Amino acid sequence: MSSTKTFFAQTRWRLYWGRSASGLFALLLAYVAIPMPVRAGEFEYQQCVQHYCTSYGKSENECVNLCLPDLNGPNKTMPLTPVPTLYGAIAVETSTLASGYAKDQPSLADAERQALAMCRGAGGSNAGCKIVVSGHNFCAALSTGQTGNGGENRWGYAWSDDGWVSRRDATAACRNDGGANCKVAITFCTG
């Protein structure tokens with residue numbers, strides 16, 4: 001008999017005969033210690049999708065459907081619902097720090113087009129507004145500032161699966177570029 005089964009048998013005997021609170025506590029601890037099936041997380045999902053998309057040249061939606069059975073884990077009775085693929089982008093003009101963004105768009109082209117249009121609408125020029133970060137199902141941030149003497153514009157961007165991390169890293173990137181008083185200008189999460 002395994003040690004877990006022995007523990008359960010002894011604990012049940014104590015609960016039945018002794019009705020002790022410590023026996024109930026021990027049974028609860030044993031239940032919590034039993035490993036439960038774990039489903040794959042976001043990192044595994046991204047790896048699977050990248051594998052199928054790059055190795056087999058499939059579209060992203062096809063990759064998601066190919067990955068779902070692998071990501072259900074040992075308990076295949078509860079299917080995972082597919083994560084919608086939503087795109088976002090940030091555009092900035094470095095000379096004026098005019099910026100724009102798009103989130104939750106159905107395609108990368110739509111997200112980039114909307115971010116560029118917003119940047120131009122904020123005072124950026126057609127030639128000056130450039131996409132600095134784009135992707136799908138991620139969090140992105142843009143932080144802007146100027147050099148310490150109020151001179152040149154400085155900026156930094158970052159992306160992550162966590163909004164707080166992307167804001168922190170964008171501000172650090174702005175400071176590393178020589179910016180003083182860097183502040184988050186744009187932050188969002190898609191998907």
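## Exercises: cores and sheets in a predicted model

The largest nonpolar core of this predicted model has ten residues: Y87, A89, A91, A98, A102, A111, A115, L116, C119 and C129.

**Exercise 1.** Assign this core to secondary structure elements, and find which one gives the largest share.

*Solution.*
- Step 1. Look for elements that each supply at least two residues of the core. They include β1 (87-92) and α5 (108-121).
- Step 2. Rank by share. The largest comes from α5, with four residues.
- Step 3. Set this beside the general rule. In soluble globular proteins, nonpolar side chains tend to be buried together.

**Exercise 2.** List the contacts of A115, leaving out residues up to four places away in sequence. Then look for another core.

*Solution.*
- Step 1. Apply the contact cut-off, heavy atoms within 4.5 Å.
- Step 2. A115 then touches A89, I90, A91, G100, Y101, A102 and I131.
- Step 3. Turn to the second core. It is separate and has nine residues, among them I90, V132, V133 and F188.

**Exercise 3.** Work out the strand order of the sheet that holds β1, and place α5 against it.

*Solution.*
- Step 1. Three strands form an open sheet in the order β2-β1-β3, and the pairing is antiparallel.
- Step 2. Find the edges. β2 (99-105) and β3 (130-136) each pair on one side only.
- Step 3. Check the twist. Neighbouring strands are turned by 10 degrees against each other on average, ignoring direction.
- Step 4. Count bridges. β1 and β2 share five, in the antiparallel sense.
- Step 5. Fix the register with one pair. Y87 has Q105 of β2 as its bridge partner.
- Step 6. Add the helix. α5 lies across β1, β2 and β3, and runs at about 150 degrees to β2.

**Exercise 4.** Do the same for the sheet that holds β4. Which strands stand at its edges, and why is one side of each left without a neighbour?

*Solution.*
- Step 1. This sheet is open too. Its three strands follow the order β5-β4-β6, with antiparallel pairing.
- Step 2. The edge strands are β5 (153-160) and β6 (179-189). Each has a single partner strand, so one side of each has no neighbour in the sheet.
- Step 3. The twist from one strand to the next averages 20 degrees.
- Step 4. Strand β4 (residues 139-147) runs antiparallel to β5, and eight bridges join them.
- Step 5. For the register, A140 stands opposite W159 in β5.
- Step 6. Helix α6 (residues 163-176) packs on the sheet and touches β4, β5 and β6. The direction of α6 makes about 150 degrees with that of β5.

Terms used
Residues numbered from 1 in each chain as written. Predicted model: local features only at pLDDT ≥ 70, side-chain atom pairs only at ≥ 80, totals over all residues. Heavy atoms only, no water. Core = buried A, V, L, I, M, F, W, Y, C linked by side-chain atoms within 4.5 Å. Buried < 20%, exposed > 50% of the residue type's maximum accessible area, 1.4 Å probe, protein only. Pairing = 2+ DSSP bridges. Axes fitted to C-alpha atoms, helices over the stretch in contact; angles between N-to-C directions.
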